[in-house]
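Please walk me through how this chain is put together, starting with its sheets and ending with its largest pocket.

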Amino acid sequence: MKESITVEQVLTPKGWLENQTITADSGKIVSISDATSAELSSIYNGKLIPGYFDTQVNGGGGVLFNHSPSAAIVETMALAHLRFGTTSMLPTIITDNASTMAQAADAIAEVMAGGPECIKALIKGIHFEGPFLSKAKKGVHEAQFIRTPSDVELATLCRKDIGKVLLTVAPETVSTSFIKEMVAEGVVVAIGHTNASYEQVQAAIDAGATGFTHLYNAMSALTSREPGAVGAALLNDRVYCGFIIDHHHLHRKSAELALNVKTANRAMLVTDAMAHVGSDIERLHFFNTEIVRHGDKLTTPDGKTLAGSCLDMHSAVLNTHNDCGVTLEDASKMASATPAQFMGLESDIGSITEGQRADFLLLNSANVLTHVFSNMRMVF
């Protein structure tokens, strides 16, 4: 069934177009054309940009994926983030035991095979952030579950019924042959929670790793005598880097510097969101500790260790645009087209153009998010 909307401005790969009618058939864009006088009578005033794709979503709506991996939990998370413009996402399992990883994969498979259509449209796969990480850079991850790969985890990672799989690893914990094996199986490998040297990180990139999970945070730093993981990320123009722009994980100028180097073609905005997004909870049980909310910041009870974020994607875009010297167009790209390309989904999502899914966000003149469209349906 064909449906159309007419908008004052729309951001396309060719730039901004004015007074356009976008027509979709079964949720896919089939045409973008100048609006007729009749269509202008029911125009949406504002700026239409692509829906956001968040590749790192630990929780939302008061629930954490690790706590009870199930289709119901995935649905709660997806709906919590949808209201903030996330029309595509990778539910993320933080370092845990093999059973929890398998349950998470089962939940994603259940949603993708027979879940509600509105949820299936959002879920693109799964992100396993660990367990093959560095204890020296574990952050809030539980040390007892950090380990080297075994056949049990490999069976989960290589499933073909869970959509796109993103795996974060520390190069000093896994071999380059393991990375090559994962890439051959279609897994997207990112580097994170690592204390590896520049040479170890470069070897992982040469083996097929294409991303960095939350650049700067929980990784070996760039120094005068050792480039570290950060240096390797900035020097390799073919790799993608995720950024948590909540102004707690990164100093604004540190973010601005790296964003200038990576550009909107390789920089991606992520939330690393915990259960707090879309919820009023203040404290969350997490393995042997708690995650406590302090305004817009999440930490362990001592206040010293960051524990994910309560950031939503639209706030990430606004923070990047307003505070890091990035245009709205580039900030939008970092939250849509670039993560789509990173995960190999650029032919389906990430841009407002013919053949893409009709996932849009309408912003007013102050860049406030006023409408969310998923598969051409207005959902908020």
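Seven strands make up an open sheet of mixed pairing, in the order β3-β2-β1-β4-β18-β19-β20. This is a predicted model, in which local features need pLDDT of at least 70 and side-chain atom pairs count only at pLDDT 80 or more, while totals for chains, interfaces and linings use all residues. Residues are numbered from 1 along each chain as its sequence is written, and side-chain values use heavy atoms, with hydrogens and water left out. Strands here are DSSP runs of E with at least two residues and helices are runs of H or I with at least four, both numbered from the N terminus; two strands pair if DSSP finds at least two bridges between them.

The edges of this mixed sheet are β3 (28-34) and β20 (377-378), each of which pairs on one side only. At the β20 edge, strand β19 (residues 369-374) is joined to β20 by two bridges, and the two run antiparallel. Serine 374 has arginine 377 in β20 as its bridge partner.

Another open sheet has eight strands in the order β5-β8-β9-β10-β11-β12-β13-β14, with parallel pairing. Its edge strands, β5 (52-57) and β14 (267-269), each have a single partner strand, so one side of each is left without a neighbour in the sheet. The partner of β5 is β8 (residues 86-94), which runs parallel to β5 and is joined to it by four bridges. Within this pairing, phenylalanine 53 has serine 88 in β8 as its bridge partner. Helix α10 (residues 313-323) lies across β5, β8 and β14 and runs at about 105 degrees to β5; the angle is taken between N-to-C directions on a scale from 0 to 180 degrees, with axes fitted to C-alpha atoms, for helices over the stretch in contact (heavy atoms within 4.5 Å).

Next comes a hairpin. Strand β15 (residues 283-286) pairs with β16 (residues 289-294) in the antiparallel sense over four bridges, and leucine 284 stands opposite isoleucine 291 in β16. Two residues lie between the strands of this hairpin, where phenylalanine 287 takes a positive phi near 50 degrees. On β15, Leu284 and Phe286 form the covered face, whereas Arg283 and His285 form the uncovered one.

The last feature is the largest pocket, which holds about 240 Å³ of space. Its lining has 18 residues, and the closest to its centre are Gly139, Val140, His193, His214 and Leu306. A pocket is an open set of points on a 1 Å grid over the protein atoms alone, where a 1.4 Å probe fits, with protein on both sides within 12 Å along at least five of seven lines; lining residues have an atom within 4 Å of a point.

Methods. Points joined across faces, edges and corners; volume = space filled by probe spheres on them. Buried < 20%, exposed > 50% of the residue type's maximum accessible area, 1.4 Å probe, protein only.
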